[in-house]
Amino acid sequence: MTPTASAQARPDAADARATDADRPFIWIDGKLLPKSEAVVSVFDHGLLYGDGCFEGIRVYQGKIFKCDSHIERIFRNAEDLHMMRQGGDKFGNGGKGFPYSKAEIRSMMEQCIEANGISEGYIRLIFTRGEGTLGLNPFACPKPCVICIADTIRLYPETLYEAGMKVIVAKRPRTPSVCLSPMLKSLNYLNNIMAKVEALSVNSGNEAPEDEVFECIMLRFSESGEKIVGECSGDNLFIVKDGELFTSPIEVGMLDGITRAFMINELIPALDLKVTERPLTLDEVMNADEIFLTGTAAEVIGVRQVGETKISGGEGAITKRLREAFRAVVMGPEIPTD
Ligand code: PMP
């Protein structure tokens, strides 16, 4: 992001000439452009191969929730994808490093929410491999492309937060970590999308809103073939048993959710509750007193039923305390941006 590019391209959020077709203004490759002009090349490896990484980030009261953690995670992912080696030779030697600093990415997000007048919303930050050739070689792409979209979001219907959701267990397991680490929040989400289709397909379209299924548990298999619950298609998972909380450790193979970490390190201790990280079997999850999911978009949401198995009558009591504590933080005077 050169200073000139940012200064020249930045539209005035209050510009009366901006039409609905222009909004949201999108940061792409160093420029803030109207939606209709924010386009990527058909030779971008993000499009051709799902080659890139992304973040979903919440904005509360105009502040970027856990901004530093998201920036750290996407830069870690970019490093794992060898994006720092682009711009060198075709073997990835003598790369130029990532074209933007962490501070520039933060500023890009801040300008994007300001230009779109967003105080409660969602940011999608995307690093694609950039434009290259039709071959697989990522080092044939000289420069990653950075995109930032700031918009509004609503994931699950509001009523589900008190009623608790119904979920299913997907037949399709999570991609084994040896193939592709689930800690890599890559642009290739097909494993999760196909599992999500399994969940959506149990709906006939005539269910009452609180009976609609949107999410699924994705299993992993331990070396002895045991069914381990890691995460869902787009959320991390916790259970409550006898007043204590449990969640599988990241090492079983799942995304190191930022909402999950906020729960474990801040909210759960603040409520004087105890959480233990150990691999959870599907049996334990099915026999839990409460289940809840966490994620940037979902925040904290209870699960009342898994497949045909009833877990709790509506949202569990501890889940409710945690959900309310989460809401109190994001509606409170100090939005955590670390
Ligand atoms: N697991 C997966 C597979 C996800 O895509 C997400 C994000 N939607 C999460 C967990 C939750 O992570 P975070 O709290 O960082 O949004």
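**A walk from the ligand outwards**

In this model, 17 residues surround the ligand, and the closest of them are Tyr189, Glu231, Ile258, Thr259 and Thr296. Please keep in mind as you explore that the model is predicted.

Let us begin with the contacts made by individual residues. Two threonines have side chains to look for: an N or O atom in the side chain of Thr259 is 2.6 Å from an oxygen atom of the ligand, and the side chain of Thr296 likewise has an N or O atom 2.6 Å from an oxygen atom of the ligand. With Gly234, look at the backbone instead, where an N or O atom lies 2.9 Å from a nitrogen atom of the ligand. How much of the ligand does the protein cover? On its own the ligand has 390 Å² of accessible area, and the protein covers 93% of that.

Now step back and look at the space around the ligand. The ligand takes up the largest pocket. Three elements each give two or more residues to the shell around the ligand: strand β9 (227-232), helix α7 (258-270) and strand β14 (290-295). What classes of residue make up this shell? There are nine polar residues, four nonpolar ones and four charged ones.

Next, turn to a sheet. Six strands build an open, antiparallel sheet, and they are arranged in the order β2-β1-β6-β5-β3-β4. Because β2 (31-33) and β4 (63-64) stand at the edges with a single partner strand each, one side of each is left without a neighbour in the sheet. Inside this order you can find β5 beside β3. Strand β3 (residues 52-60) and strand β5 (residues 121-128) run antiparallel and are joined by eight bridges. To see the pairing for yourself, find Phe54, which stands opposite Ile126 in β5.

Another group of strands lies further along the chain. Strand β10 (residues 236-241) pairs with strand β11 (residues 244-247) in the antiparallel sense, over three bridges. Lys241 has Glu244 in β11 as its bridge partner. Together β10 and β11 form a hairpin, with two residues between them. One residue to look at in the turn is Asp242, which has a positive phi of about 50°. In which direction do β11 and β12 run, parallel or antiparallel? Strand β11 and strand β12 (residues 275-277) run parallel and are joined by three bridges. Here Phe246 has Thr276 in β12 as its bridge partner.

Finally, visit two spots in the loops. Pro24 is in the loop between α1 (3-9) and β1 (26-28). The peptide bond leading from Arg23 to Pro24 is cis, and its omega is near -5°. The other spot is His82, in the loop between α3 (67-80) and α4 (102-115). His82 has a positive phi of about 60°, although this residue is not a glycine.

Note on methods
Residues are numbered from 1 along each chain as its sequence is written. This is a predicted model: local features need pLDDT of at least 70, side-chain atom pairs count only at pLDDT 80 or more; totals for chains, interfaces and linings use all residues. Side-chain values use heavy atoms; hydrogens and water are left out. A residue is near a molecule or strand if one of its heavy atoms lies within 4 Å of it. A polar contact is a pair of N or O atoms within 3.5 Å; within protein, one must be able to donate a hydrogen and the other to accept it, and residues adjacent in sequence count only if both atoms are side-chain atoms. Accessible areas come from the Shrake-Rupley method with a 1.4 Å probe; for residues, only the protein chains shown count as cover. On a 1 Å grid over the protein atoms alone, a cavity is a set of points where a 1.4 Å probe fits but cannot get out, and a pocket is an open set with protein on both sides within 12 Å along at least five of seven lines; lining residues have an atom within 4 Å of a point. A molecule sits in a cavity or pocket if more than half of its atoms lie within 2 Å of its grid points. Helices (H or I, at least four residues) and strands (E, at least two) are DSSP runs, numbered from the N terminus. Ala, Val, Leu, Ile, Met, Phe, Trp, Tyr, Cys and Pro count as nonpolar, Asp, Glu, Lys and Arg as charged, and the others, Gly among them, as polar. Two strands pair if DSSP finds at least two bridges between them.
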